[in-house]
Amino acid sequence: FIATGRHHINMPKFIKESGIFNGYICLNGQMIFVDGKCVHEDELDEKNINALKKFCDENNLTVMLATANYFHLSKEDKDFEDYVAKLTNYKIDPEPNGPILQAMMYVSPDYDEKIKSIIPSCAITRWNDRYIDINASHVSKAAGIKYFMNEYGILRENTIAVGDAGNDRDMLEFA
């Protein structure tokens, strides 16, 4: 199994076609796939999304919202667009259709505490000094690992994990 912050639409082809992995934990646990099929999807609360959008509007910030099959930027933002163009396809779409599974922002750490205060039931993880993921607080890569442990009868002492960013911390502590 592989756990990633990536969306399933961004999973590298060589990994998908390798035949090595039976399942994927995507978007830091917001989506879980087994044999190519989504078996779990957890959306962000609409109240939190609306509060985040309002905060972004008031502070001239951009938020990228992930739905099941696409990324949506709340507004044009050259810096953010240059950054995400290396990661994924997206469209400018302030009101995407479908449940929001994850939010991402290209923002300095100076905003972290304020963002946490307006969406307290969300978890904010930082990849670097410019980029954050926003997920439901009960969702994580560790929760995804627990899902696979329960489904396949895997004992915790038989799990290992590797990671390189803030969104891996809970998984590394758990495994």
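Let's start with the buried residues of α2: N48, I49, L52, K53, F55 and C56. Buried here means under 20% relative accessible area, exposed means over 50%, and partly exposed is in between, with a 1.4 Å probe and protein chains only. Those six residues of α2 cover an arc of only 160 degrees around the axis, which puts them on the same side of the helix. The arc, by the way, is that of the directions from the helix axis to the C-beta atoms.

Before I go on, a word on where this comes from. We are looking at a predicted model, where local features need pLDDT of at least 70, side-chain atom pairs count only at pLDDT 80 or more, and totals for chains, interfaces and linings use all residues. Residues are numbered from 1 along each chain as its sequence is written, and side-chain values use heavy atoms, with hydrogens and water left out. Helices (H or I, at least four residues) and strands (E, at least two) are DSSP runs, numbered from the N terminus.

Back to α2. What does the face turned away from the buried side carry? There we find the exposed residues E46, K47, K54, D57 and E58. The buried residues, for their part, pack against β5, β8 (102-106), α4 (112-118), β9 (122-126) and β10 (131-136), where contact means heavy atoms within 4.5 Å.

For those who like to check helix geometry: the expected span is 1.5 Å times one less than the number of residues. The 13 residues of α2 should span 18 Å, and its end C-alpha atoms are indeed 18 Å apart.

Now the two ends of α2. At the N-terminal end, D45 acts as the cap, with a side-chain oxygen 2.8 Å from the backbone nitrogen of K47. A polar contact is a pair of N or O atoms within 3.5 Å; within protein, one must be able to donate a hydrogen and the other to accept it, and residues adjacent in sequence count only if both atoms are side-chain atoms. Just after the helix, N60 takes a positive phi of about 55 degrees. N60 sits in the loop between α2 (46-58) and β5 (63-66), and with 58% relative accessibility it counts as exposed.

Next, the sheet that α2 lies on. Six strands form an open sheet in the order β7-β6-β5-β8-β10-β9, and the pairing is mixed. Two strands pair if DSSP finds at least two bridges between them. Strands β7 (91-92) and β9 are at the edges with a single partner strand each, so one side of each has no neighbour in the sheet. β6 (residues 71-73) pairs with β7 in the parallel sense over two bridges, and L73 has I92 as its bridge partner in β7.

Two helices cross this sheet. α2 lies across β5, β8, β9 and β10, at about 155 degrees to β5. Helix α3 (residues 78-85) lies across β5, β6, β7, β8 and β10, at about 120 degrees to β8. For these angles, axes are lines fitted to C-alpha atoms, for helices over the stretch in contact, and the values run from 0 to 180 degrees between N-to-C directions.

Let's move along to α5. This helix (residues 141-152) has 12 residues and reaches 16 Å from its first C-alpha to its last, close to the 16 Å expected. Its buried residues are K141, A142, G144, I145, F148 and M149. They cover an arc of only 155 degrees around the axis, which puts them on the same side of α5. The opposite face carries the exposed N150 and E151.

Is S140, in the loop between β10 and α5, buried or exposed? S140 is buried, with a relative accessible area of 16%. S140 caps the N-terminal end of α5, with a side-chain oxygen 3.3 Å from the backbone nitrogen of A142. Its side chain also reaches the backbone nitrogen of A143 at 3.0 Å. Leaving aside neighbours within four places in sequence, S140 is in contact with N28, G29 and D170. At the other end, just after α5, G153 takes a positive phi of about 65 degrees.

Finally, the partners of α5. Its buried residues pack against β1 (2-3), β2 (23-26), β3 (31-34) and α6 (169-174). Four strands form an open, mixed sheet in the order β1-β2-β3-β4, and α5 lies across β1, β2, β3 and β4, at about 35 degrees to β3. Within that sheet, β2 and β3 pair in the antiparallel sense over four bridges, and C26 stands opposite M31 in β3.
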